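Visitor: Could you pick one part of this model and take me through it closely? I would like to know what surrounds it and where it sits in the chain.

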Amino acid sequence: MTLALPTARVAESCETTVPSVVGARLTVPLLDGRQVSYANLDHAASAPCLDAVRDAVDELLPWYASVHRGAGFASQVCTRVYGQARDTLRKFVGARPSDAVVFTRNTTDSLNLLARSLPKGTSVVLFDTEHHAALLPWRGPRVHRVETPAHAGDTVLALDAALAECPVGPRLVVLTGASNVTGEVWPVAALAAVARRHGARVALDAAQLAPHRPVDIKALDVDYVVLSGHKLYAPFGAGALIGRSDWLQAADPYLVGGGATRQVVDWGDRLGVAWTAVPERHEAGSPNVVGVHALAVACETLAEDWAGVAAHERALFARLRAGLTAIPGLRVLELFGPEQDRVGVLSFSIDGLDAGLAAAALSAEHGIGVRDGAFCAHIATRRLLGRVGAEEQRAVRASIGLGTTAEHIDRLISALRSLAADGPAFRYAEVDGRWTPADDDRPLPGFLRQTH
Ligand code: PLP
C-alpha cells in the first residue's frame, strides 16, 4: 500500500525553478482602491502551503480516518501514512536509526516536551538571544544563560566557559540554527563539538533553518532537532521532535490521555497507568495525520532540490540586502556582522519611523506583508535595536521564501525608500498598540462573514 507523492509544481523566479506555493496569485486591496498582487515577505513567521502539499492533502482527505485504532481499510491507510511520515522526517534530518521521531504541534511544543523530559538535575546552557520558544521552557537553578557575543567565533569560547562552570550531571545545550530576528546562521557544528567535549547533549532549534537548508543530525553531531510544519510550507498544525530516545522514554508524558497509555487499571484509591513507549508515549490524543502527512510531503519536496532552493533565496536575498542598505536612515540588525552566513531574513529600523506604522503602511499602501515587533525574541531584538541607536523597541522584519519574487523585493525597497523619506501617504491611528489606517473600507474576502 503506497501513497504516491504528487509531482511538485514549480514556480519560476530569478532564473531558478522552485516548488510553487498556494496563493502565488493572491491579490489584495489597497487604500487607494487599487488591487495588487500580494507580496508576502513574512515567510519567517509562517510560510504558505506548497502546491505539492495541498495536492497531497487533497489526495489523502477521502481516505481520512482514525490512526492506530481503527480496523477499517481507511484507518489502515491513515495508520500507514502516519508511519511513513516518521520515516520521511527521520530521513529529512539524517537521524540515527535509534532516534525517536515524535510528532508535536510545532517547535514550541517540541521544546516544551524536551524540557519536561530532562533527567533530574540536568544543567541547561543556552544563549540569551534565543526565540522565546527556546528560551523559556527551561526552569530552575541549573539554567545558564550566556550573553551572545558580538562575533560568531566567540560563541564557541563563551559556550566552552559556560560548560566548564556547570555542575557534574547531565547537560543540555540549546542552540538555534538560524536567528528569526537577523537570519544569521549559527556555527552549530563548532558549538556541538564544544558541547561534546563537556559531555553535553545538544538540542537544535531548526524552526528557521530547516525551511532554507538541509539539516543533518549526524553531520552536525547534535542530539535533538525540533521544527515546525507551518514554517516548512505545511501549515496543517504538525511539528516534530527528533532525537535520542532514552530521556524521552524515561519521562512521564506531559500531555496524558489516550494513545499514551498501554493499560489503565482501577486500584481503588487511584489509577494504575502503564505508559506506552516512545514515540506514542508523547503523542497522547488522536494524531494529526493530515498535518503529519503535509509535513512529510513538504520535507520530501524541499529535499528534492536544495540547490535550487538555495539559489533562489541567495539571489533574492542579495537583492533585498543591497536595496535596503542603500536606503538612508535604514539600519539593519545583526548579531555578528554583515559577513555572517544568513537565511533570507532581515530586520531593520528606520530613523524617525515607528516600525508598526511602517508595517501598516507597507500593507495598506503597497500590498506587502512584513512583520513588526520584537519577534518573540525580546532580548535579542531590543539589544540589537540599542546597538544601532534606535530609540524604539520594535523593528520591521522582511523574510523571503519560495513564494518570493524579484518584483516583491523591488516593491519593498521602493516603498521603504518613499516611507523613509516622506512617511505614509494616508492617515493611521494606533489602536491597542497596533497601527491601522484611520479610514479603511477595503472589503474582506467574500468567505469571511461580515459581522457588522
Ligand atoms: N524558534 C524559532 C527560531 C522561531 O523563529 C520560532 C517561530 O517563529 C519558534 C522557535 C517557534 O515556532 P512555533 O511558533 O512554530 O512553535
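Guide: A cavity here is a set of grid points where a 1.4 Å probe fits but cannot get out, worked out over the protein atoms alone. Its volume is the space filled by probe spheres set on those points. The model is predicted, and the part to look at is its largest cavity, which holds about 50 Å³ of space. With a threshold of 30 Å³ or more, the count comes to one cavity.

Start with the walls. The lining of the largest cavity consists of H43, A44, A47, Q208, P211, H212, K231, Y233, I400 and G401. By class, five of these residues are nonpolar, four are polar and one is charged. Lys counts as charged, so the charged residue in this lining is K231.

Next, place the lining in the chain. The domain assignment splits the protein chain into domain 1 (10-51 + 305-448) and domain 2 (55-303). Each of these two domains gives at least three residues to the lining of the largest cavity. The C-alpha centres of domain 1 and domain 2 are 29 Å apart. Where the domains meet, 42 residues from domain 1 and 40 residues from domain 2 take part in the contact.

Now follow K231, one of the lining residues, to the ligand. K231 is also among the residues that come nearest to the ligand, along with T108, D205, S228 and H230. From K231, a polar side-chain atom lies 2.6 Å from an oxygen atom of the ligand. T108 also has an N or O atom in its side chain that is 2.5 Å from a ligand oxygen. For T107 the partner is a polar backbone atom, 3.4 Å from an oxygen atom of the ligand. On its own, the ligand has 390 Å² of accessible area, and the protein covers 89% of that.

What classes of residue make up the shell around the ligand? Nine are polar, two are nonpolar and two are charged. K231 therefore belongs to two settings: the lining of the largest cavity and, since a residue is near when one of its heavy atoms lies within 4 Å, the surroundings of the ligand.

Note on methods: Residues are numbered from 1 along each chain as its sequence is written. This is a predicted model: local features need pLDDT of at least 70, side-chain atom pairs count only at pLDDT 80 or more; totals for chains, interfaces and linings use all residues. Side-chain values use heavy atoms; hydrogens and water are left out. A polar contact is a pair of N or O atoms within 3.5 Å; within protein, one must be able to donate a hydrogen and the other to accept it, and residues adjacent in sequence count only if both atoms are side-chain atoms. Accessible areas come from the Shrake-Rupley method with a 1.4 Å probe; for residues, only the protein chains shown count as cover. On a 1 Å grid over the protein atoms alone, a cavity is a set of points where a 1.4 Å probe fits but cannot get out, and a pocket is an open set with protein on both sides within 12 Å along at least five of seven lines; lining residues have an atom within 4 Å of a point. Domain bounds come from an automatic or database domain assignment. Contact means heavy atoms within 4.5 Å.
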